[in-house]
Amino acid sequence: MNKSKTFNILFLSNMMKEKGVWDLLEACKLLKEKQYKYYCNFVGKWSDITKEEFTSKVLELGLQNEVNGAGAKYGNEKKVFFENADVLVFPTFYHGETFGLVLLEAMEYALPCISTNEGGIPSVISDGETGILVDKRSPMELADKLIYLIEHPDLCISMGKSGKERFLKEFTLESFEKRLVAILNDCIS
């Protein structure tokens, strides 16, 4: 992709400080300063960040044409956001993060993921293969990795395909059942 094509970024989680909302907004500001054409949808239930606070911060950073606070979406409404995204960004530093179900949802849609080395996330994202892991609370690194994917569209697509393959191999209900049966059989033996 070049700087003239719009790159679609998706954040999907509760709108909480610890989920990295402000970090992604700061990264968006850096993308705009470097004149990349992108659009970032923030999808999620308003929580310790209210719609008013979010809108105020977007205006303060001058991102009203690049960023949308969509609120909570479910079912087909949420599906549309996945289908129109180029990447899912989940820059969480939430202390109770498990492995981020949203990452599995994104992998199901063949989206590469950018997330942090928090909780079980590294067991879901293979860094450099199905997505990219960044340091927590690092908007500059996040912006750099987004730029890298914008400038390397083939890598963005191949990471998404690798993520979908991994999802189908390891994270479907069928694969879970097979692993559970194998564990139970091993215990019985």
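Lysine 29 is partly exposed in this predicted model, its relative accessible area being 29%. The side chain of lysine 29 meets that of glutamate 33 in a salt bridge, with a distance of 3.8 Å from N to O. This pair counts as a salt bridge because the cut-off is a nitrogen-to-oxygen distance within 4 Å. Both residues belong to helix α1, which covers residues 21-33. They sit four residues apart, about one turn of the helix.

A search of the whole structure gives nine salt bridges, and two others are worth a visit here. Side chains of opposite charge can pair when their charged atoms come close.

Helix α2, spanning residues 51-60, holds both lysine 57 and glutamate 60. Here the partners are three residues apart, again about one turn of the helix. Lysine 57 and glutamate 60 form a salt bridge in which the closest N and O atoms are 3.6 Å apart. Is glutamate 60 buried or exposed? With a relative accessible area of 59%, glutamate 60 is exposed, because the cut-off for that class is over 50%.

The next pair joins two helices. Glutamate 105 forms a salt bridge with lysine 78, and their closest N and O atoms are 2.6 Å apart. Glutamate 105 lies in helix α4 (residues 101-108), whereas lysine 78 lies in helix α3 (residues 75-84), so this salt bridge ties together parts that are 27 residues apart in sequence. As for its surroundings, glutamate 105 has a relative accessibility of 25% and counts as partly exposed.

Key: Residues are numbered from 1 along each chain as its sequence is written. This is a predicted model: local features need pLDDT of at least 70, side-chain atom pairs count only at pLDDT 80 or more; totals for chains, interfaces and linings use all residues. Side-chain values use heavy atoms; hydrogens and water are left out. Buried means under 20% relative accessible area, exposed over 50%, partly exposed in between (1.4 Å probe, protein chains only).
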